[in-house]
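This report considers selected contacts, helix packing and charge pairing in one protein model. The sequence and structure are shown first.

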Amino acid sequence: MKTAIFGGTFDPIHRAHLVVAREAADAFALDRVLFIPAANPPHKEAGAGYEDRYKMVELACADEPRFVPSRLEEGREKSYSIQTIERVKTQPDAGQVFFVIGSDAFAEIRSWHRWEDVVRETEFIVVTRPGHTYSIPPGARVHRLETVALPVSSSETRLALARGESPEELPTAVADYIREQGLYG
């Protein structure tokens, strides 16, 4: 079994997230990709609440059996990646664990809580982000995913939604949910 952790605020989740997960699953023969919305990310604030972001992840993942929404970071405590990795690795069916991450976030890895443990405990699938370079910390196991780029920004998507636009990068079910719930307006 090969399991990948794909975490983030998913505020909101968009098509580029799904493309990245599909490309990673195909390229590295992943059995499942856990989409794990951060309840309380240490480096940024989420615009929508956790339950809304989780529901959007559920809707976005509904048509892909390899994509599994996960509540591993639900709760009031800060969402640190090392704790999520440890939780995933204690699951009996976890198998080999990968961590899908954009090159922009990976460039900051040395600033993460217990980053040395993060590097030791998982293999990274680093996704190319335009204009971002990174160095690989000693001991890190890195697989590059250069077949896809992430030109979509969740912050730009939120701004478009606030202007009353319907961004095409949102899956239809997610856009409908955002409209029904009055999010980002």
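Apart from neighbours within four places in sequence, V68 is in contact with R32, V33, L34 and F35. The model is predicted, and the values given here are computed from it. V68 itself belongs to strand 3, which covers residues 67-69. Its relative accessible area is 29%, so V68 is classed as partly exposed, that is, between the limits of 20% and 50%. As a point of reference for the fold, V68 and E146 are separated by 78 residues in sequence and by 23 Å in space, taken from C-alpha to C-alpha.

**Packing of helix 2 on helix 7**

Helix 2 (residues 50-61) contains D52. Helix 2 packs with helix 7 (residues 172-181) at an angle of about 150 degrees, and the two axes are 8 Å apart. Because angles over 145 degrees count as roughly antiparallel, helix 2 is roughly antiparallel to helix 7. The crossing of helix 2 past helix 7 is right-handed. On the side of helix 2, the contact is made by D52, K55, M56, L59 and A60. Helix 7 contributes A173, V174, Y177, I178 and Q181.

D52 therefore has a part in this helix contact. When residues up to four places away in sequence are not counted, D52 touches Y177, Q181 and L183. What is the nearest side chain of opposite charge to D52? It is R53, at 8.0 Å, and D52 is buried yet has no salt bridge. A salt bridge requires a side-chain nitrogen of Lys or Arg within 4 Å of a carboxyl oxygen, so the 8.0 Å separation from R53 does not qualify.

**Salt bridges**

Side chains of opposite charge can pair when their charged atoms come close. Across the whole structure, a search finds 17 salt bridges. The table lists three of them.

| Pair | N to O distance |
|---|---|
| E64 and R22 | 3.7 Å |
| D26 and R66 | 2.7 Å |
| R114 and E86 | 2.8 Å |

In the pair formed by E64 and R22, the side chains meet in a salt bridge. E64 lies in the loop between helix 2 and strand 3, whereas R22 lies in helix 1 (residues 15-27), so this pair ties together parts that are 42 residues apart in sequence. E64 is buried, with a relative accessible area of 14%. R22, by contrast, is partly exposed, with a relative accessible area of 34%.

The salt bridge of D26 with R66 also involves helix 1, where D26 lies, and the loop between helix 2 and strand 3, where R66 lies, so the pair ties together parts that are 40 residues apart in sequence. R66 counts as partly exposed, at 21% relative accessibility.

Which parts of the chain does the salt bridge between R114 and E86 link? R114 is in the loop between helix 4 (103-106) and helix 5 (115-121), while E86 is in helix 3 (residues 81-89), and the two are 28 residues apart. R114 counts as partly exposed at 33% relative accessibility. E86 is likewise partly exposed, with a relative accessible area of 32%.

Salt bridges that share partners join R22, D26, E64 and R66 into one network.

Note on methods
Residues numbered from 1 in each chain as written. Predicted model: local features only at pLDDT ≥ 70, side-chain atom pairs only at ≥ 80, totals over all residues. Heavy atoms only, no water. Helix = DSSP H or I, 4+ residues; strand = E, 2+ residues; numbered from the N terminus. Buried < 20%, exposed > 50% of the residue type's maximum accessible area, 1.4 Å probe, protein only. Lys, Arg positive; Asp, Glu negative; His and termini not counted. Contact = heavy atoms within 4.5 Å. Axes fitted to C-alpha atoms, helices over the stretch in contact; angles between N-to-C directions. Parallel < 35°, antiparallel > 145°, perpendicular 65-115°, else oblique. Left-handed = near helix turned anticlockwise from the far one by under 90°.
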